[in-house]
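Biologist: Please take a close look at one part of this model for me, the largest pocket. What lines it, and what is the setting around it?

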Amino acid sequence: MDDDVVLRVRELRGRFDGQEHDTLHDVGFDVRSGRITAIVGETGSGKSLTGLCALGIQPASFRVLQGSIDFMGVELLGAPGSVMRSIRGRRIAMVFQDARTALNPVFTVGAQLAEAYRAHTGASPREAAAEAVSALERVRINDPARRAKQYPHEFSGGMAQRVMIAMGLICAPELVILDEPTTGLDVTIQAGIMDLLAELAEGGMTAILITHDLGVVAETCDDVVVMREGRVVETGSAKQIFTAARDEYTIALLEASRAIEDVVA
Ligand SMILES: Nc1ncnc2c1ncn2[C@@H]1O[C@H](COP(=O)(O)OP(=O)(O)OP(=O)(O)O)[C@@H](O)[C@H]1O
Ligand SMILES: [Mg+2]
């Protein structure tokens, strides 16, 4: 495997129990180190499912029929539970949309971050509390020591999403999968989160960004994987996709997003 490939997905195929057709058809792409790889495509195209497979948390009714997901030399498909537990959260983290529902309302934000850190590292409570504060700092939350003592309801939607990103990053994972991390947030707050992701990528973070918003992809991502109906229809650098897309569907997606920009502008 090339040195800079962190995750290599090949010929991933699977279907839901009781269905006659596959939902993922030979999905394949590479995620390279220190880069943000976008997975884009219309709703239902298999973006989230692909991400979940990499963490081994796909729905129980989804059967992987063939393929390979190689994470730095470890085959994840069919890996024993103990292997997946040692990787999930610690070496590959996932950030979902709708941060509010993912945070527990009865514990402080700092306690939840510290717990996530302790669960994976076995650090002392004092060490974990310090890590929680520095994780908040990393996602540019002002006055992190004070903020760590607050409860989720004291955070705005955008700040809560920053907390979820901090939770994902707290164990310094080698790969972060962000599934629609800005969906449901105001446009200006979205822009702030995307700036943060770009900054984290500058600092060496490797990420998969699942999104249907091509606008954010253009500004933040290095590589793009376009999915449609469970298939990868095109992959390339962001520059390539935005200036010289070859696939008809990619071109239609680009045109649709430009049309939306024109309406908004
Ligand atoms: N638990 C499930 N049971 C049956 N089908 C499912 C289940 N979860 C997802 N699917 C189907 O699998 C396909 C891929 O879903 P997936 O969630 O990966 O789409 P997506 O690209 O992430 O879409 P979105 O942009 O709406 O999040 C869809 O057709 C969806 O209906
Ligand atoms: Mg999805």
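Modeller: Three helices each supply at least two residues of the lining of the largest pocket: H8 (187-202), H9 (214-220) and H11 (248-264). H11 gives the most, with six residues. This is a predicted model, and the totals for linings use all residues.

Now the lining itself. In total, 17 residues line the largest pocket. Nearest its centre lie Gln-190, Asp-213, Gly-215, Val-216 and Glu-261. Several of these fall within the helices just named. Gln-190 sits in the range of H8 (187-202). Gly-215 and Val-216 sit in that of H9 (214-220). Glu-261 belongs to the stretch of H11 (248-264). By class, the lining has nine nonpolar, four polar and four charged residues. The space in this pocket comes to about 500 Å³.

The second largest pocket makes a useful companion. Its volume is about 350 Å³. It is lined by 17 residues, and the closest to its centre are Gly-89, Ala-93, Met-94, His-120 and Met-167. Here a strand joins two helices as a supplier. Strand E6 (92-95), helix H4 (109-121) and helix H7 (157-169) each give at least two residues to the lining. E6 has the largest share, four residues. Ala-93 and Met-94 lie in the range of E6 (92-95). His-120 falls in that of H4 (109-121), and Met-167 in that of H7 (157-169). By class, this lining divides into 13 nonpolar, three polar and one charged.

Where does the second largest pocket lie with respect to domain 1 and domain 2? It lies between them, because both give residues to its lining. Domain 1 is assigned in pieces: 32-55, 69-91, 175-190, 207-218 and 225-265. Domain 2 is the run 102-172.

Last, the chain that holds both pockets. Its secondary structure comes to eleven helices and ten strands. Its radius of gyration is 19 Å, and the globule rule gives 18 Å for 265 residues, so the chain is as compact as a globular protein of that length. Along the principal axes, the C-alpha atoms fill a box of roughly 50 × 50 × 40 Å. Buried residues make up 48% of the 265. Contacts reach far along the sequence too. Among those between residues at least 6 apart, 67% join residues at least 24 apart.

Technical notes:
Residues numbered from 1 in each chain as written. Chains lettered and ligands numbered in written order. Predicted model: local features only at pLDDT ≥ 70, side-chain atom pairs only at ≥ 80, totals over all residues. Heavy atoms only, no water. 1 Å grid on protein atoms, 1.4 Å probe; cavity = no way out; pocket = protein on both sides within 12 Å on 5 of 7 lines; lining within 4 Å. Points joined across faces, edges and corners; volume = space filled by probe spheres on them. Nonpolar A, V, L, I, M, F, W, Y, C, P; charged D, E, K, R; others polar. Domains from an automatic or database assignment. Rg over C-alpha atoms; globule rule 2.2 N^0.38 Å. Buried < 20%, exposed > 50% of the residue type's maximum accessible area, 1.4 Å probe, protein only. Contact = heavy atoms within 4.5 Å.
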